Amino acid sequence: MVAFGVILSLLVWRGCVSQAPSSYTVHAPTRVQVQEGLCVLIQCTFTYPPLHNLSDLPRGYWCRQRPDLEVDTFVRVAAVNSPGTLVVSRETADRFQFVGDIRKKDCSLGIDSAKKQDQGHYFFRIEDTFKYSYLENMTLLTIEHLTEKPEIVLPTVLAEGTTARITCTAPGRCSGLPPLITWKEAWDTEHSQTTASIKQADGTQVHTSTITFMPSRRHNKSWLTCEVFYHMAGVSTRKAILLNIQHSIDSTENNTKAPLVQESCNNMGRTLVIGMAIGNLMVLSLVGIVAFYCVNRIKNKYKAAEANTKGAATEQTYEVLQKTQSEIYLNLDKGQRENMAGPGSPSV
């Protein structure tokens, strides 16, 4: 009996006898959604029987279940510490990455530039001193249409004559090939563009592009578009913003235009005043002429009336004088005749 126990212990230690299924566990999401072209991280941890020991370079795989075949058939899509170059599918070799650490029982998987054909069930499999496929808790990966837009950050105020920097951040946090970020503007002006990929603590990366230019009045109410293209998936997304440029009174252009406008207003004011003065003078002159004409006409009428009156008076005086003279002559003639007749002469 003692010898049988020793032999059984040796067989278990060498892995020839299967362990209880409950000793193999995996913790991974049962379903993961990702938009086409973007990336996703599948967090995963696993356990194995304590009697098993891993090698110095433990090997593990992420596999995709073959829906057209038996349950236990699969395609390796990502590997770690695997010396072979053809152990994973060519369709996923550059986009699926084993980002976990098997020695720490971390089996996390990173997926970049997701494609429609990536949709399916995935599971973790270990192939080291022992082999086991964790089929009890597979992860369903679903691929959706790309609807997420880039994120654009611009200054609070876009001031005329002040250098502006606008940053566009691509959707997703992919650690693989950076997407192509381009700017499309409705104006043609001198500007510069810089791109950057910032690595995050979880190993993913943030891809950004920054455009630098000098805003002017012609940029006001114009559209600026950031477009992101994902090479692997062949899809793109874009976002457009409407620029509102604040006109600065300190700018050279405004400083030159403001005095001109003010001077124009002043000249217009002076011209208006002079015009009003001339108009008033013309009105006054016209009134004076009319008044002078009216006064002269009334004066002439008065003189004519006075002349007519004097003429009538003169004619009357002449008639009276003529009558008086006639009477004098008659009286004189009568007296002379009496003298000539003498006293006692009969009167005629």
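# Reading a predicted chain: buried, exposed and enclosed

The protein chain of this predicted model has a secondary structure of 2 helices and 20 strands. Of its 348 residues, 32% count as buried, and the accessible surface comes to about 22,900 Å², of which 58% belongs to carbon and sulfur atoms.

User: Why is Trp 187 called buried?

Analyst: Trp 187 has a relative accessible area of 6%, and buried means under 20%, so Trp 187 meets the definition of a buried residue. Trp 187 lies in the loop between strand S15 (180-185) and strand S16 (191-199).

User: What makes Leu 224 a contact of Trp 187 beyond its neighbours in sequence?

Analyst: Contact means heavy atoms within 4.5 Å, and Leu 224 is among the residues that Trp 187 touches when residues up to four places away in sequence are not counted. The two are 37 residues apart in sequence, while their C-alpha atoms are 8.8 Å apart in space. Other residues touched by Trp 187 include Phe 213, His 219 and Leu 243.

User: Which residues have the most contacts inside the largest nonpolar core?

Analyst: That core has 52 residues, and those with the most contacts inside it are Phe 46, Trp 62, Ile 126, Tyr 134, Ile 166 and Leu 243. Strand S18 (residues 223-230) gives the most to this core, with 4 residues. Leaving aside neighbours within four places in sequence, Leu 243 is in contact with residues including Leu 158, Ile 166, Trp 187, Phe 213 and Leu 224.

User: Why is Arg 90 called exposed, and where is its place in the chain?

Analyst: The relative accessibility of Arg 90 is 74%, and exposed means over 50%, so Arg 90 counts as exposed. Its place is in the loop between strand S6 (74-80) and S7. Arg 90 and Arg 76 are 14 residues apart in sequence and 9.8 Å apart in space, C-alpha to C-alpha.

User: Lys 105 and Ser 113 each have a positive phi; what makes one of them partly exposed and the other buried?

Analyst: Lys 105, with a phi of about 60 degrees although it is not a glycine, has a relative accessible area of 34%. Partly exposed covers what falls between the 20% and 50% limits, so Lys 105 is given that label. Ser 113, with a phi of about 45 degrees and likewise not a glycine, has 7% relative accessibility, and this value is under 20%, so Ser 113 counts as buried. As for their places, Lys 105 is found in the loop between strand S7 (96-98) and strand S8 (109-111), and Ser 113 in the loop between S8 and strand S9 (120-127).

User: How do you know that there is a cavity, and what lines it?

Analyst: Rolling a probe the size of a water molecule over the atoms shows where empty space is left. A cavity is a set of points where a 1.4 Å probe fits but cannot get out, and the count comes to 1 cavity of 30 Å³ or more. About 40 Å³ of space lies in the largest cavity, which is lined by Ser 113, Cys 174, Leu 177, Pro 178, Pro 179, Tyr 230, His 231 and Met 232.

User: What makes the lining of the largest cavity divide as it does among nonpolar, polar and charged residues?

Analyst: The lining divides into 6 nonpolar, 2 polar and no charged residues. Cys, Leu, Pro, Tyr and Met count as nonpolar, so Cys 174, Leu 177, Pro 178, Pro 179, Tyr 230 and Met 232 fall in the nonpolar group, whereas Ser 113 and His 231 are polar.

Notes
Residues are numbered from 1 along each chain as its sequence is written. This is a predicted model: local features need pLDDT of at least 70, side-chain atom pairs count only at pLDDT 80 or more; totals for chains, interfaces and linings use all residues. Side-chain values use heavy atoms; hydrogens and water are left out. On a 1 Å grid over the protein atoms alone, a cavity is a set of points where a 1.4 Å probe fits but cannot get out, and a pocket is an open set with protein on both sides within 12 Å along at least five of seven lines; lining residues have an atom within 4 Å of a point. Grid points are joined across faces, edges and corners, and a volume is the space filled by probe spheres set on the points. Buried means under 20% relative accessible area, exposed over 50%, partly exposed in between (1.4 Å probe, protein chains only). Accessible areas come from the Shrake-Rupley method with a 1.4 Å probe; for residues, only the protein chains shown count as cover. A nonpolar core is a set of buried Ala, Val, Leu, Ile, Met, Phe, Trp, Tyr and Cys residues joined through side-chain atoms within 4.5 Å.
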